Amino acid sequence: MALEFEGSLIKVLPEVSGQGKNGAWVKQDFVLETEEQYPKKACFTAWGDKSADLKTFSLGDKLKVTFSVESREYNERWYTDLRAYRIDLASDAPSQSAGSSPAASSRPSAPAKPATPAADLPSFSEDDQDLPF
């Protein structure tokens, strides 16, 4: 099952490597944050070559991550990983020209919030002292 998450790269944790029975391994965790009224953060793990791909992005880049959810039990406790297997710039990010890396591009500015007209704001004059309950 493939899931997708879009957000800004806010943190890249140190790379971790080791030696297992199947050979050497490397992984790196990174955190994305959504741009909603109530932002959500998610920590993903990039394994192997995807860890190297992560180095091409910089903090603040808007990324789209395709991932799978994997859980495992250890000593009657459950641990869940969000394993990223595809990391791309988000579709609303500016397109890259051939040969340029995503880290070399300038970050897109945050969309401006539309101005709220004063007519839409509630009035709090002394005439409006009636409570709605």
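# Reading a fold through its contacts

Tutor: Let's start with contacts, meaning heavy atoms within 4.5 Å. Among the protein's contacts between residues at least 6 apart in sequence, 52% join residues at least 24 apart. Keep in mind that this is a predicted model, where local features need pLDDT of at least 70 and side-chain atom pairs count only at pLDDT 80 or more, while totals for chains, interfaces and linings use all residues. Residues are numbered from 1 along each chain as its sequence is written, and side-chain values use heavy atoms, with hydrogens and water left out.

Student: How many helices and strands does the protein have?

Tutor: Elements are read as DSSP runs numbered from the N terminus: helices are H or I runs of at least four residues, strands are E runs of at least two. Here you get one helix and six strands. Walking from the N terminus, their order is β-β-β-β-α-β-β.

Student: Which strands does β1 pair with?

Tutor: Two strands pair if DSSP finds at least two bridges between them. β1 and β5 are antiparallel partners over six bridges, and in that pairing E4 sits opposite T66 of β5. β1 also runs antiparallel to β3, over four bridges. There, S8 faces E33 of β3. When you look along a strand, remember that side chains in a regular strand alternate between the two faces of the sheet.

Student: How much of the protein counts as buried?

Tutor: Buried means under 20% relative accessible area, exposed means over 50%, and partly exposed is in between, using a 1.4 Å probe and protein chains only. Of the protein's 133 residues, 22% count as buried. For the whole surface, areas come from the Shrake-Rupley method with a 1.4 Å probe, and for residues only the protein chains shown count as cover. The accessible surface comes to about 10100 Å², and carbon and sulfur atoms own 52% of that.

Student: Which residues touch the most other members of the largest nonpolar core?

Tutor: A nonpolar core is a set of buried Ala, Val, Leu, Ile, Met, Phe, Trp, Tyr and Cys residues joined through side-chain atoms within 4.5 Å. The largest one here has 14 residues, and F30, L32, F44, V65 and I87 touch the most other members. Elements giving two or more residues to this core are β1 (3–12), β3 (23–33), β4 (41–47), β5 (62–74) and β6 (77–89). Click on V65 for a good view: leaving out residues up to four places away in sequence, V65 touches L3, E4, F5, F30, L32, F44, A84, R86 and I87.

Student: How many aromatic pairs are there?

Tutor: Rings of Phe, Tyr and Trp (its six-membered ring) pair if their centres lie within 6.5 Å; planes under 30 degrees apart are stacked, over 60 edge-to-face, and the rest tilted. This structure holds four such pairs. Try F44 and F67: their ring centres are 5.0 Å apart with planes at 70 degrees, so the pair is edge-to-face. F44 lies in strand β4 and F67 in strand β5, 23 residues apart, so this pair links distant parts of the chain. Both F44 and F67 are buried. F5, F30, F44 and F67 form one aromatic cluster.

Student: What does the salt bridge between E15 and K55 tie together?

Tutor: A salt bridge is a side-chain nitrogen of Lys or Arg within 4 Å of a carboxyl oxygen of Asp or Glu. The structure holds seven. In the E15–K55 bridge, the closest N and O atoms are 2.7 Å apart. E15 is in the loop between β1 and β2 (16–20), and K55 is in the loop between α1 (49–54) and β5, so the pair ties together parts 40 residues apart in sequence. E15 is partly exposed at 43% relative accessibility, and K55 is exposed at 52%.

Student: Is K62 buried or exposed?

Tutor: K62 is buried, at a relative accessible area of 10%. Its side chain meets that of E35 in a salt bridge, 3.5 Å from N to O. E35 belongs to the loop between β3 and β4, K62 to strand β5, and the two are 27 residues apart. Another bridge joins R86 and D88, with closest N and O atoms 2.8 Å apart. R86 is partly exposed at 47%, and so is D88 at 28%.

Student: Where are N75 and E76 found?

Tutor: N75 sits in the loop between β5 and β6, and E76 is in the loop between β5 and β6 too. Phi of N75 is near 55 degrees, a positive value in a residue other than glycine, and phi of E76 is near 60 degrees, also positive. N75 is exposed at 62% relative accessible area, and E76 is exposed at 72%.
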